[in-house]
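Thanks for making time this morning; I would like to walk you through one model, going from the whole chain down to a few single residues. Please keep the structure open while I talk.

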Amino acid sequence: MPGASGGARRERGTIRSAGARTLCWQVDGAADDPTLLWLHGSTGSSRTAPTLPGVRVVSYDRPGYGGSTLHPQRTLMTDADDVEALLDHLGIDRTAVLAFSGGAAIAYAAGVSTPQRVTRLGIVSGAPWPTAPAPSAEVLLSAATALSADPGAAVDRLAVNASLRDAEVLNTPALRHELLEGATDAVSSGVAGWLQEAHLLRTRWPFEPRDVRVPVLMWHGSEDQAVSFDAASTVAGQLPQAYLQKIENAGHLGWMLERAEIAAQLISS
């Protein structure tokens with residue numbers, strides 16, 4: 001891990017797009033620290049960005065999440081445009097990217113669209129390329145409505161049949177609180193943003209694994225019930241430059257117990 005640095009502080013702000021959209025961002029760390037762009041999960045926000053000693057962590061709320069407004073014509077490639085706009089706004093030429101769950105799709109899109117801005121991608125419990133038909137609009141709306149009605153209950157449901165390491169995450173107050181903040185922010189301005197992303201992730205992506213030319217480091221739980229380890233292994237085998245590490249006794253969340261080590265490996269690779 002890079003050495004400790006002085007002057008670390010948290011900043012939050014917004015940028016305005018050409019379509020009068022607002023993109024809410026957060027930076028945590030000192031300007032002279034190595035930069036890591038965090039891409040939150042689909043039930044998350046910039047408030048789930050990890051605080052990492054010696055790392056400048058940049059994050060933002062995707063359209064319709066937290067403080068960011070909807071993008072009526074959102075695609076994965078407009079998400080890549082948002083990443084580039086944020087890096088431009090913050091004066092960041094190149095950065096490593098760490099993406100969790102649904103954030104993986106945006107990470108891959110950024111790697112395809114702007115490989116000159118991305119040094120490498122780190123994917124934890126990442127969503128795979130969709131291979132099955134998307135759930136119906138009614139099924140997705142039902143899930144979104146339940147999340148909006150009680151974000152805390154959604155977090156509690158993660159404990160059902162949780163793996164050993166996931167249970168440890170959920171029993172750690174600070175980590176559980178972080179997950180609750182993310183679940184709350186995902187639907188704080190309504191369910192439209194969550195529904196839009198849920199549909200995007202479950203329909204064909206506008207690029208293939210072979211198009212992702214930047215190096216990819218992947219970490220995936222051996223007992224992940226949301227995205228199986230076999231699915232992650234399939235993706236790793238299709239990417240031009242990928243290295244997959246199995247986290248034993250972990251489900252979808254177990255990686256959170258070792259994220260400082262993951263970030264250190266990602267930045268130093």
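Before I turn to charge, a word on counting: Lys and Arg are taken as positive and Asp and Glu as negative, while His and the chain ends are left out. On that basis, and bearing in mind that this is a predicted model, the protein chain carries 21 positive and 28 negative charges, and the mean positions of the two sets are 3 Å apart.

Let me go on with the overall fold. The protein chain has nine helices and eight strands. Its radius of gyration is 17 Å, close to the 18 Å that the globule rule gives for 269 residues, so the chain is as compact as a globular protein of that length. Along the principal axes, the C-alpha atoms fill a box of roughly 45 × 45 × 40 Å. Of the 269 residues, 52% are buried, and the accessible surface comes to about 11,400 Å², with 52% of that surface belonging to carbon and sulfur atoms. As for contacts with a separation of 6 or more, 72% of them join residues that are 24 or more positions apart.

Now to the interior. In soluble globular proteins, nonpolar side chains tend to be buried together. Here the largest nonpolar core has 39 residues, and those with the most contacts inside it are Leu39, Tyr108, Leu121, Ile123 and Met218. Which helix gives this core its largest share? That is helix 2, residues 103-113, which supplies seven residues. A second core, separate from this one, has 35 residues, among them Tyr65, Leu147, Ala198 and Ile247.

Helix 2 is mostly covered, with nine of its 11 residues buried, and the buried residues include Ala104, Ile106, Tyr108 and Gly111. Tyr108 also appears among the contacts of Met218, which, once residues up to four places away in sequence are set aside, touches Ile123, Val235, Leu239 and Tyr243 as well, to give part of the list.

At the other end of the numbering we have helix 9, residues 259-268, where Arg259, Ile262, Ala263, Ala264 and Leu266 are buried. What covers those buried residues? The cover includes strand 3 (35-39), strand 5 (95-100), strand 6 (118-124), helix 6 (173-186) and strand 7 (216-221).

I would next like to dwell on two serines and their backbone angles. Most residues other than glycine have a negative phi. Ser101, however, has a positive phi of about 55° although it is not a glycine, and Ser125, likewise a residue other than glycine, has a positive phi near 50°. Ser101 lies in the loop between strand 5 and helix 2, whereas Ser125 is found in the loop between strand 6 and helix 3 (137-149).

Are these two serines buried or exposed? Buried means under 20% relative accessible area, so Ser101, at 16% relative accessibility, counts as buried, and Ser125 is buried with a relative accessible area of 1%. Leaving aside neighbours up to four places away in sequence, Ser101 touches Gly41, Val124, Ser125, Gly126, Ala127 and His252. Ser125, with its neighbours within four places likewise left out, is in contact with Phe100, Ser101, Trp219, His220, Asp224, Gly251, His252 and Trp255. The two serines are thus in contact with each other, and His252 is listed among the contacts of Ser101 and also among those of Ser125.

Finally, let me move away from the buried positions. Thr131 lies in the loop between strand 6 and helix 3, and at 82% relative accessibility it counts as exposed. Its C-alpha atom and that of Asp185, 54 residues apart along the chain, are separated by 29 Å. Glu168, in helix 5 (residues 164-170), counts as partly exposed at 43% relative accessibility. The C-alpha atoms of Glu168 and Val139, 29 residues apart along the chain, are separated by 30 Å.

That is where I will stop, and I am happy to take questions.

Key: Residues numbered from 1 in each chain as written. Predicted model: local features only at pLDDT ≥ 70, side-chain atom pairs only at ≥ 80, totals over all residues. Heavy atoms only, no water. Helix = DSSP H or I, 4+ residues; strand = E, 2+ residues; numbered from the N terminus. Rg over C-alpha atoms; globule rule 2.2 N^0.38 Å. Buried < 20%, exposed > 50% of the residue type's maximum accessible area, 1.4 Å probe, protein only. Contact = heavy atoms within 4.5 Å. Areas by Shrake-Rupley, 256 points an atom, 1.4 Å probe, with all protein chains shown as cover. Charge placed at Lys NZ, Arg CZ, Asp CG, Glu CD. Core = buried A, V, L, I, M, F, W, Y, C linked by side-chain atoms within 4.5 Å.
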